Amino acid sequence: MRLSDEELDRYARQIVLPQVGGIGQKKLKAARVAMIGAGGIGSAVIPALSGAGVGELTIVDDDQVELGNLHRQPLFRERDAGYSKADLALQFVQRLNRFVKATPVQVRIGADNAAELLADHDLVIDGSDNFATRLAVSDACVGLGIALVSAAAVQFQGQVGLFRSKPCYRCFVGDAFDSDDCDNCAELGVLGALPATVGSFAALLAINSICGIGEDQSGQVHLFDGEKLSWRAIRIPADPECRACGLTLELPISLR
Ligand SMILES: [Zn+2]
C-alpha cells in the first residue's frame, strides 16, 4: 500500500509526528472501522476518523434526524430533519475526504445481526445510546476477535473504554442490562458538549490503537465527570464467569 502525493499533502501534519509517520498513516488507510450510531458520539468520531484517513468506515444507524438531536449532533443541520442519519453521515464523509470509503447501513443492530454486520472490520466504535445494543455489539466483537471502543455520554457523565476480547464490555457492566433501554438520552438528558468531549476521546483512542501509539489501553475504562471537568481511569478485571469472554483466551500483545 502506498500513499499518493495528494494524500501525503493532506495528512502532512500528522505524518510529521514521529509516533505516526508514513507507517502509521498506512495503518490508518488499511483500517476497516465500523461506527455504531451516527449520533452525539458519532458526530465527533466520524469527522475525526475520516479526516485522519481511515480507509473504510461503515456507519450503522437506522435513525432519522430530529430537531431534538441538533444540540449534540453537529453532523446535521436543521434542514436534515426527517432524513437518514447514516446517509447524511456518508455525505459528510464524502465532502470531507474522498479517500475514505464510507458505507451507510440503515439497520438497527442487535444480537441477531451484529456478528454479520461487523465481520471483516478491524475495529468497532460503539456510540449507541442503550445497554442492550452495546452488549450485543460487544458480544459480537468478542466472538469475532475485533477490538471495540465503547463510548457513552449521559447527563454530565461520560465513559470510554477499549476492549480486546478479554476483559470485555460485558465484564464491565454485567448481564442485567440486556433488554434494558433505561439509560437513553431522551429520558435522562445530556449536555450538548458532553458527547463531543467523549467522542473526541474515543476517536483519539481508536487512532492510537490503530497506529500503535502509547501504551495499550485495553481493559481500561476512562470516566469523565462533566461537572468537575475531570477524567479518571479504572482497570476492568476479566469476569471468569462472563458469558461472552469467559471461555476465550486473552490475546498476547504480539497478536493484538
Ligand atoms: Zn467478558
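In the predicted model, Ile-46 is in contact with Met-35, Ala-38, Leu-57, Ile-59, Leu-75, Ala-89 and Val-93, when neighbours within four places in sequence are left aside. Apart from the largest nonpolar core lies another core, of 27 residues, which includes Ala-114, Leu-135, Cys-141 and Val-221.

The largest nonpolar core comprises 43 residues. Ile-46 is among the residues with the most contacts inside this core, together with Val-33, Leu-57, Ile-125 and Val-149. At least two residues of the core are supplied by each of the strands β1 (32-36), β2 (56-60), β4 (123-126), β5 (147-154) and β6 (157-163), and likewise by each of the helices α4 (40-52), α5 (85-96) and α10 (193-211). The largest share, 9 residues, comes from α10. In soluble globular proteins, nonpolar side chains tend to be buried together.

Helix α10 consists of 19 residues. From its first C-alpha to its last, α10 reaches 27 Å, close to the 27 Å expected at 1.5 Å a residue. The buried residues of α10 are Leu-194, Pro-195, Val-198, Gly-199, Ala-202, Ala-203, Leu-205, Ala-206, Ile-207, Ser-209, Ile-210 and Cys-211. An α-helix has 3.6 residues a turn, so residues three or four places apart point the same way. After α10 comes Gly-212, which has a positive phi, near 75°.

Strand β7 spans residues 220-225 and contains Gln-220. Gln-220 is buried, because its relative accessible area of 15% falls under the 20% limit for a buried residue. Not counting residues up to four places away in sequence, Gln-220 touches two groups of residues: Val-160, Gly-161 and Leu-162, and also Ala-233, Ile-234 and Arg-235.

The model also contains a zinc ion, whose protein donors are the SG atoms of Cys-168, Cys-171, Cys-242 and Cys-245, lying 2.3 Å from the ion. In sequence, these donor residues follow the spacing C-x2-C-x70-C-x2-C. The 4 donor atoms subtend angles of 92 to 124° around the zinc ion, and the arrangement is therefore tetrahedral, since all angles lie between 85 and 135 degrees. For four tetrahedral donors, the ideal angle at a metal is 109.5 degrees. Among the donor residues, Cys-245 is buried, with a relative accessible area of 0%. Cys-242 also counts as buried, because its relative accessibility is 7%.

Note on methods:
Residues are numbered from 1 along each chain as its sequence is written. This is a predicted model: local features need pLDDT of at least 70, side-chain atom pairs count only at pLDDT 80 or more; totals for chains, interfaces and linings use all residues. Side-chain values use heavy atoms; hydrogens and water are left out. Donors are N, O and S atoms within 2.8 Å of the metal (3.2 Å for Na, K and Ca); water is not among the atoms, so sites may look incomplete. Four donors count as tetrahedral if all angles lie between 85 and 135 degrees; four count as square planar and six as octahedral if opposite donors are over 155 degrees apart and all others between 65 and 115; anything else is irregular. Buried means under 20% relative accessible area, exposed over 50%, partly exposed in between (1.4 Å probe, protein chains only). Helices (H or I, at least four residues) and strands (E, at least two) are DSSP runs, numbered from the N terminus. Contact means heavy atoms within 4.5 Å. A nonpolar core is a set of buried Ala, Val, Leu, Ile, Met, Phe, Trp, Tyr and Cys residues joined through side-chain atoms within 4.5 Å. The expected span of a helix is 1.5 Å times one less than its number of residues.
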